[in-house]
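Hello,

I have a structure to pass on to you, and I thought a short tour of its surface might help you get started. Please have a look at it below, and then read on for the notes.

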Amino acid sequence: MTIDTSRIPLKNPRKLFIDGQWVEPSSGKLIHVIAPATEDLYMQVGEANTTDINKAVDAARRAFDTGPWPRLSHAERAAYLKAMAEKIDAR
């Protein structure tokens, strides 16, 4: 079965975004996402396993500890969150 990739809203659905990079899942496995209305294969996404999850959690912890977020004021954080909410609303 072929998948119409022009309708898929993800940049790299078969990869995982970990530590600022698109990477292959450690398992090499994919999850089949089925369209509920048609029961057709809609897309395939990378299947994360424990190794991938641990890498993602470690990267998030490093980013939080050494990145700019914890040093921002409450007002600066609120401004970022409001800007993100506006972009989401616009979509």
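Let's begin with Glu-24, which is exposed because its relative accessible area of 52% is over the 50% cut-off. One thing to keep in mind as you read: this is a predicted model.

Glu-24 has a charged partner, Lys-15, and the two form a salt bridge in which the closest N and O atoms are 3.9 Å apart. That distance still qualifies because the cut-off for a salt bridge is 4 Å. Lys-15 has a relative accessible area of 32%, so Lys-15 counts as partly exposed.

How many salt bridges does a search of the whole structure find? There are 3. Side chains of opposite charge can pair when their charged atoms come close, and the other pairs are described next.

Arg-62 and Asp-19 meet through their side chains in a salt bridge, at 2.8 Å from N to O. This pair links distant parts of the chain, 43 residues apart. Arg-62 sits in helix H1 (residues 50–66), while Asp-19 belongs to the loop between strand E1 (16–18) and strand E2 (21–23). Both ends are partly exposed: Arg-62 has 43% relative accessibility, and Asp-19 has a relative accessible area of 47%.

Helix H1 also holds a salt bridge within itself, between Asp-65 and Arg-61. Here the closest N and O atoms are 2.8 Å apart, and the two residues are separated by 4 positions, about one turn of the helix. Asp-65 is partly exposed at 41% relative accessible area, and Arg-61 is partly exposed at 46%.

Now for the nonpolar side of things. Which residues form a nonpolar patch on the surface? They are Phe-64, Trp-69, Tyr-80, Leu-81 and Met-84, and together they have about 510 Å² of accessible area. The largest share of this patch, 3 residues, comes from helix H2 (residues 74–90).

Leu-81 is a good residue to click on if you want to find the patch, as Leu-81 lies in helix H2. Leu-81 has 46% relative accessibility and counts as partly exposed, because that value falls between the 20% and 50% limits. Leu-81 can belong to the patch because patch residues need over 30% relative accessible area, and Leu-81 has 46%.

Happy viewing, and best wishes!

Notes:
Residues are numbered from 1 along each chain as its sequence is written. This is a predicted model: local features need pLDDT of at least 70, side-chain atom pairs count only at pLDDT 80 or more; totals for chains, interfaces and linings use all residues. Side-chain values use heavy atoms; hydrogens and water are left out. Patches are made of residues with over 30% relative accessible area and no salt bridge: like charges are joined within 9 Å, nonpolar side chains (Val, Leu, Ile, Met, Phe, Trp, Tyr) within 5 Å. Accessible areas come from the Shrake-Rupley method with a 1.4 Å probe; for residues, only the protein chains shown count as cover. Buried means under 20% relative accessible area, exposed over 50%, partly exposed in between (1.4 Å probe, protein chains only).
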